[in-house]
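I opened this model to look up its metal sites, its ligand contacts and a few backbone details. My notes follow in the order in which I checked things.

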Amino acid sequence: MKISHIDMARLQKEIDDLALISENPPPVVTRVLFSEADLRARQFVKTICREAGLMLREDEIGNIFARWEGTEPQAPAVATGSHIDAIPNAGKYDGVVGVLGAIEAIRALRRDGFQPRKSIELIIFTAEEPTRFGIGCLGSRWMAGTLPPAKLAGLRDRDGNTLEFWRNRAGLRPVNAPSHYAAFVELHIEQGPILEQRGLAIGVVEKIAAPSSLRARLEGAGGHAGGVLMPGRRDALLAGAEIALAVEKTALESGSPDMVATTGVFQIEPDAVNSVPCRATLEIDLRDTGLAARDAALRQIESAATEICRRRRVGLEFQVINADPPAVCAGDLVDLVAEVCRELQLSFTKMISRAYHDSLFMALLTPTTMIFIPCRGGVSHRPDEYSSQAQIQNGVAVLAETLRRLAR
Ligand code: GLV
Ligand code: MN
Ligand code: MN
């Protein structure tokens, strides 16, 4: 596979067209799970898959599978894929490069006259992003068997709607044809600055950091902003603010350079200027490459929140939404991608993924690795997220050649 065999003009047009399917005007991309935009984006991608001659199926959680049947259809398939949902105020490359890029990789292999022995299967995962239900990687968790049905049934979005509600509304038509896989390789933008800073074309992922997310619901006492005197107050926002600062302090003082902690959601009620906030909801994202450090920080945040709420006489409901272990990628697969980079004369490094991906859960099912390409300034989860056509083309070429070697 030559890099120039990748039809980058066509792929860029598809990336640009998909970006226009959004809940917000360009350049902002927002596609929350099962929103109108997400449903239209699914149709858009399915159409491109059909045009590429791929066979489509869908499972009960809305994962989409697009298959290029090999000459040995019973053999475990070689899988690739990523997601097309996007957090609020996102850009157009996160996830999308790994979906539309994989379709172009398949088209390029076809143009080259390649006929796979093992089937090649593209997976478009449901809800890699946690926006609707507070938990990410729903589709890959489900496939890996780490999402018990009871937990799934208990998921609620901010309006109290269940996954079942959204599934019915989306009219999913599951076809139960489970696949088993020989390998999974996900192409993705780095979402960090390392490749760009070091002037490298490709990152081959060896490990994915351990993510977790927490929710704290605070119940204080509201009242008239003029009438309730300061000493008697049980202000839920102030308790939440102290918790958010404790979250930051936990990461800063952990001694682990890899620990990151973010309070990304902070909602208050009644949200009126002349009313003492009576309720607050915080959602906290906490990650580290090491499981022990991450878990210690998790306990520390919970005990800080407990102390703060006791002192402020505010009720606390603390919930760990997910606390996943890190993933270790398959050494053979990492080496294979590295070999492909050498053959294509692309500079590369082996690296850690600090963002999480569906690969975190696919690694529980099958040997897995990821191919990273640089993105400008390391920026992601923002509308100005950007990777150049040359950078994307390199990544797609590496993916195509890797799929060829795995499937032949
Ligand atoms: C994925 O989007 C993540 O938050 O790492
Ligand atoms: Mn993302
Ligand atoms: Mn992503």
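The entries below go from the metal ions to the ligand, then to one helix, one arginine and the backbone.

**Entry 1: status of the model**

I note first that this is a predicted model.

**Entry 2: manganese ion (ligand 2)**

I asked which protein atoms are the donors of the manganese ion (ligand 2). I found Asp94 (OD), Glu129 (OE) and His381 (NE2), at 2.0 to 2.2 Å from the ion. Along the chain these donors follow the spacing D-x34-E-x251-H. Glu129 and His381 are 252 residues apart, and the pair links distant parts of the chain. I located Glu129 in the loop between strand S6 (120–124) and helix H4 (138–144). His381 sits in the loop between strand S17 (368–373) and helix H12 (389–407).

I then checked accessibility for this pair. Glu129 has a relative accessible area of 6% and is therefore buried, the cut-off being under 20%. His381, at 33% relative accessibility, counts as partly exposed.

**Entry 3: manganese ion (ligand 3)**

I looked up the protein donors of the manganese ion (ligand 3) and found His83 (NE2), Asp94 (OD) and His188 (NE2). They lie 2.0 to 2.2 Å from the ion. Their sequence spacing reads H-x10-D-x93-H. His83 is in the loop between strand S4 (77–82) and strand S5 (86–90), and Asp94 is in the loop between S5 and helix H3 (96–111), so this pair ties together parts eleven residues apart in sequence.

Which residue bridges the two manganese ions, ligand 2 and ligand 3? I found that Asp94 coordinates both, with the ions 3.6 Å apart. Asp94 is buried at 8% relative accessibility, and His83 is buried at 0%.

**Entry 4: ligand 1**

I listed the residues surrounding ligand 1: Glu128, Glu129, Arg287, Ala355, Tyr356 and His381. Two of these names I had already written down, since Glu129 and His381 are among the donors of the manganese ion (ligand 2). I then went through the distances to oxygen atoms of ligand 1. A polar side-chain atom of Glu129 is 3.0 Å from one. For His381, a side-chain N or O atom is 3.2 Å from an oxygen of the ligand. Tyr356 uses a backbone N or O atom instead, at 2.8 Å.

**Entry 5: helix H9**

I took helix H9, residues 291–311, as a check on helix geometry. Its 21 residues reach 30 Å from first to last C-alpha, close to the 30 Å expected at 1.5 Å a residue.

Where do the buried residues of H9 lie around its axis? I first listed them: Arg294, Ala297, Leu298, Ile301, Ala305, Ile308 and Cys309. They cover an arc of only 105 degrees, which means they are on the same side of H9. The face turned away from that buried side carries the exposed residues Ala292, Arg299 and Arg310. I looked up what the buried residues pack against and found strand S9 (210–219), helix H8 (236–252), strand S13 (279–288) and strand S14 (315–323). Arg313 follows H9 and has a positive phi, near 55 degrees.

**Entry 6: Arg107**

Is Arg107 in helix H3 buried or exposed? Arg107 is buried, at 7% relative accessibility. Leaving out residues up to four places away in sequence, I found that Arg107 touches Arg10, Glu14, Ile48 and Ala52. The side chains of Arg107 and Glu14 make a polar contact at 2.9 Å. I also noted that Arg107 and Ala400 are 293 residues apart in sequence, with their C-alpha atoms 9.2 Å apart.

**Entry 7: backbone**

I searched the backbone for less common values, because most residues other than glycine have a negative phi and most peptide bonds are trans.

- The peptide bond from Pro26 to Pro27 is cis, with omega near 10 degrees; Pro27 is in the loop between helix H1 (8–19) and strand S1 (29–31).
- Glu269 and Pro270 are joined by a cis peptide bond with omega about 0 degrees; Pro270 is in the loop between strand S11 (260–269) and strand S12 (275–276).
- Phe34 has a positive phi, near 65 degrees, lies in the loop between S1 and helix H2 (36–51), and is buried with a relative accessible area of 1%.
- Gln191 has a positive phi, near 65 degrees, in the loop between strand S7 (181–189) and helix H7 (194–198).

Methods: Residues numbered from 1 in each chain as written. Chains lettered and ligands numbered in written order. Predicted model: local features only at pLDDT ≥ 70, side-chain atom pairs only at ≥ 80, totals over all residues. Heavy atoms only, no water. Donors = N, O, S within 2.8 Å, 3.2 Å for Na, K, Ca; no water. Helix = DSSP H or I, 4+ residues; strand = E, 2+ residues; numbered from the N terminus. Buried < 20%, exposed > 50% of the residue type's maximum accessible area, 1.4 Å probe, protein only. Expected span 1.5 Å × (residues − 1). Arc of directions from axis to C-beta. Contact = heavy atoms within 4.5 Å. Near = heavy atom within 4 Å. Polar contact = N/O pair within 3.5 Å; in protein donor to acceptor, adjacent residues only side chain to side chain.
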